[in-house]
Amino acid sequence: TNLLMAVFIVPLAVQWWAAWYPGAEPGGGGYIAQRMFAAKDEKNAIGATLVFNIMHYAFRPWPWIIVALASLVVFPDLASIQKAFPNVPADKLGHDLAYPAMLSFLPHGLLGLVVASLIAAFMSTISTHLNWGSSYIVNDFYKRFIKKDATEKEQVRVGRLSTLGLMVLSGLFALLLQSAFQAFKVLLQIGAGTGLLFLLRWFWWRISAISEITAMAVSFIVAIYFELIHTKLGFTPMEDWLKFVLGVAITTAAWVTVTLTTQPTD
């Protein structure tokens, strides 16, 4: 039942409209908008977005899936991974180690190419999000609320400091996580409940910036609670799909309430 809910029912019935995560934003967002604005007209924008979705969801995962299926034969359980790599700490021994374990079978030249591509992918993602986060802090917070007449030199200084701060905070947060899969679950949980708002903002005039801030803040707090605090308080661990559905319900209730009780925008 839990497997059915996690991989079929919840994604089909809830996740596609209720969750935001980078690159897959209900109602469109920064990633998709950049691609669409780069097209020469509306027809090309729609075509490019369609091609992207087909390539992203139908084709791109297959190399990962084939490697994962092969790993089930080569390393049928965690004990076999531990035997092959005895120096891996016990708290880092998990199913997501199967992928790097499979990389060890590559010849040296090809292994170097894969490692270089992984580093490049990592750096592009890190630099994108650090620059993006820093731009929010400088343009949408510092220049708007702290110092409206800030010079470009001051803005660059704040941008550098905020980039450093974001890097330190993300590093500290990473130390709390046990695996890459847990990081993905936290990311998905943080976006739980915001997707509906990002869809409805194009159709419901009452949705405002306060609605969006509320949704993002509440979903973040709920995600941190479920992933890092819930079990430490002595509560029984919940299935991931149940945490996701509860996150959607709590976040949606919060932003709808705030939307209806705050002053509407023009």
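This briefing looks at a pair of packed helices and at a pocket in the structure above. Keep in mind that the model is predicted. The helices are α11, covering residues 209-229, and α12, covering residues 240-261. The pocket is the second largest one, with about 550 Å³ of space, and α12 is among the elements that give two or more residues to its lining.

**How α11 and α12 pack**

- The axes of α11 and α12 lie 9 Å apart, and the two helices pack at an angle of about 150°.
- Because angles over 145 degrees count as roughly antiparallel, α11 is roughly antiparallel to α12.
- The crossing of α11 past α12 is right-handed.

**Where the two helices touch**

- On the α11 side, look for I210, S211, T214, A215, V218, S219, V222, F226 and E227.
- Their partners in α12 are K243, L246, G247, I250, T251, A254, W255, V258 and T259.
- Sorted by class, this contact of α11 with α12 holds ten nonpolar, six polar and two charged residues.

**The second largest pocket**

- To find the second largest pocket, start from A6, Q15, F181, F184 and L188, which lie nearest its centre among the 19 lining residues.
- Two or more lining residues come from each of α1 (2-18), α9 (180-190) and α12.
- Helix α1 gives the largest share of this lining, with seven residues.
- By class, the lining of the second largest pocket has eleven nonpolar, three polar and five charged residues.

Technical notes:
Residues numbered from 1 in each chain as written. Predicted model: local features only at pLDDT ≥ 70, side-chain atom pairs only at ≥ 80, totals over all residues. Heavy atoms only, no water. Axes fitted to C-alpha atoms, helices over the stretch in contact; angles between N-to-C directions. Helix = DSSP H or I, 4+ residues; strand = E, 2+ residues; numbered from the N terminus. Parallel < 35°, antiparallel > 145°, perpendicular 65-115°, else oblique. Left-handed = near helix turned anticlockwise from the far one by under 90°. Contact = heavy atoms within 4.5 Å. Nonpolar A, V, L, I, M, F, W, Y, C, P; charged D, E, K, R; others polar. 1 Å grid on protein atoms, 1.4 Å probe; cavity = no way out; pocket = protein on both sides within 12 Å on 5 of 7 lines; lining within 4 Å. Points joined across faces, edges and corners; volume = space filled by probe spheres on them.
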